[in-house]
Amino acid sequence: YEPDGSLIPVSDMSENARVFLPLVGGSTPNTTDGLKRFMAQTKCAWWDGDASAFSSTGCVTSGLTLEKVECHCNHLTQFAAIQEETGRCGDGIVESEFEECDDGNVVDGDGCSQNCEIEAYFECDSVPSSCSQTVFPKFTSALFYQETDLQGSANEISASLFFNHALKVGSSIILTGLTGADTTSNSITLLFSDSAMSAFLEPNAAWDQSTGTLTVTVKEEATSSLTFGFELTNPNADNGAASVTVSCTDCLDVESYSSVEFES
């Protein structure tokens with residue numbers, strides 16, 4: 001220090017001074033994107049009295065954790081760890097080092113996630129990012145076969161469903177419009193002509209007699225098709241052809257499968 005208390009700058013030393021600075025305050029990054037930003041933005045700096053500002057010239061950030069930073073500087077003065085602002089997710093500016101997209105908000109489900117990552121089934125371009133859905137999950141076909149149309153008889157029905165995107169574990173496939181008389185149980189055991197299919201579906205399906213609805217639960221991700229059977233009792237009167245609607249809930253992380261009607 002000078003007699004008046006001002007600092008005497010020491011610079012261009014032959015060996016760097018090694019300084020450890022604790023990082024306090026602020027929020028801890030909890031995403032990959034946040035951690036990348038944190039690592040890139042944190043710099044070692046020293047106080048340049050002539051410029052009345054911190055400078056990173058002559059300082060190297062040698063080691064960095066969430067708790068502290070190790071600085072190697074060829075100056076002897078006041079040191080600090082500074083954060084250089086390079087933009088934020090949601091500002092509408094795509095920073096390729098940290099972001100896959102940036103649509104100007106931090107909302108999930110619109111193609112660009114709250115962490116500025118492109119979401120499944122979307123593609124994004126332009127600045128700010130404009131995202132459009134590229135895959136529209138749906139049932140592409142459904143085939144139903146029945147063993148008999150004899151009134152009042154037990155009838156084994158086979159269903160083959162085809163879809164253009166995988167159904168995740170826990171998906172509920174819903175068949176509505178089925179006709180079955182006196183099938184009062186709220187649970188029906190599924191039948192599998194192909195034993196391999198039993199690995200993908202829970203063995204028992206929920207049955208609602210009043211609405212003719214059968215709900216089947218996926219227990220292993222199914223990629224393109226499922227075939228299963230079940231038994232109902234035919235009505236005692238001719239009700240005509242059943243109009244069966246096939247739909248799915250909680251099948252995707254983005255949105256449910258569309259409902260598609262098939263004549264059986």
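A residue is called buried when its relative accessible area is under 20%, exposed when it is over 50%, and partly exposed in between (1.4 Å probe, protein chains only). The model is predicted, so local features need pLDDT of at least 70 and side-chain atom pairs count only at pLDDT 80 or more, while totals for chains, interfaces and linings use all residues. Residues are numbered from 1 along each chain as its sequence is written, and side-chain values use heavy atoms, with hydrogens and water left out.

**Exercise 1. The whole protein**

Task: Describe the protein by its burial, secondary structure, contacts and surface.

Solution.
Step 1. The protein has 264 residues, and 35% of them count as buried.
Step 2. Its secondary structure consists of one helix and 17 strands. Here helices (H or I, at least four residues) and strands (E, at least two) are DSSP runs, numbered from the N terminus.
Step 3. A contact means heavy atoms within 4.5 Å. Among contacts with a separation of 6 or more, 60% are between residues 24 or more positions apart.
Step 4. The exposed surface is about 14800 Å², of which carbon and sulfur atoms supply 48%. Accessible areas come from the Shrake-Rupley method with a 1.4 Å probe; for residues, only the protein chains shown count as cover.

**Exercise 2. Confidence**

Task: What is the average pLDDT of the protein, and over which residues is the pLDDT below 50?

Solution.
Step 1. pLDDT is the predictor's confidence in each residue, from 0 to 100.
Step 2. The average is 81, and 81% of the residues score at least 70.
Step 3. The pLDDT is below 50 over residues 259-264; this stretch has 22 contacts in the model beyond near neighbours in sequence.
Step 4. Where pLDDT is low, the predicted coordinates should not be read in detail.

**Exercise 3. The salt bridge**

Task: Which side chains meet in a salt bridge, and which parts of the chain does the pair tie together?

Solution.
Step 1. A salt bridge needs a side-chain nitrogen of Lys or Arg within 4 Å of a carboxyl oxygen of Asp or Glu. Side chains of opposite charge can pair when their charged atoms come close.
Step 2. Under this rule the count is one salt bridge. R18 and E70 form the salt bridge, at 2.9 Å from N to O.
Step 3. R18 is in strand 1 (residues 17-22) and E70 in strand 5 (residues 68-73), so the pair ties together parts that are 52 residues apart in sequence.
Step 4. R18 is exposed at 56% relative accessibility, whereas E70 is buried at 14%.

**Exercise 4. The disulfides**

Task: How many disulfides are counted, and what is the handedness of the links C59 to C73, C101 to C112 and C248 to C251?

Solution.
Step 1. A disulfide is a covalent bond between the sulfur atoms of two cysteines. The cut-off used is a pair of cysteine sulfur atoms within 2.5 Å.
Step 2. The count is six disulfides. With bonded cysteines counted along the chain, the pattern is 1-3, 2-4, 5-8, 6-7, 9-10, 11-12.
Step 3. The sulfur atoms of C59 and C73 are 2.0 Å apart, and the link is right-handed, with 120 degrees about the S-S bond. C59 lies in strand 4 (residues 59-64) and C73 in strand 5, 14 residues apart, and the pair links distant parts of the chain. C59 is buried at 13% relative accessibility, and C73 is buried at 0%.
Step 4. C101 and C112 are joined at 2.2 Å, S to S. The torsion about their S-S bond is about 100 degrees, so this disulfide is right-handed. Both C101 and C112 lie in the loop between strand 6 (79-83) and strand 7 (122-125), eleven residues apart. C101 and C112 are both buried.
Step 5. C248 and C251 are joined at 1.5 Å, S to S. Their torsion is about -70 degrees, so this disulfide is left-handed. C248 is buried at 2% relative accessible area, and C251 is buried at 0%.

**Exercise 5. A surface patch and a loop residue**

Task: Which residues form a nonpolar patch on the surface, and is N234 buried or exposed?

Solution.
Step 1. Patches are made of residues with over 30% relative accessible area and no salt bridge; like charges are joined within 9 Å, and nonpolar side chains (Val, Leu, Ile, Met, Phe, Trp, Tyr) within 5 Å.
Step 2. L143, Y145 and F162 form a nonpolar patch, with about 280 Å² of accessible area together.
Step 3. F162 is in strand 10 (residues 154-163) and is partly exposed at 32% relative accessibility.
Step 4. N234 sits in the loop between strand 15 (225-233) and strand 16 (243-249). N234 is buried, at 8% relative accessible area.
Step 5. From C-alpha to C-alpha, N234 and L150 are 7.0 Å apart in space, with their positions 84 residues apart in sequence.
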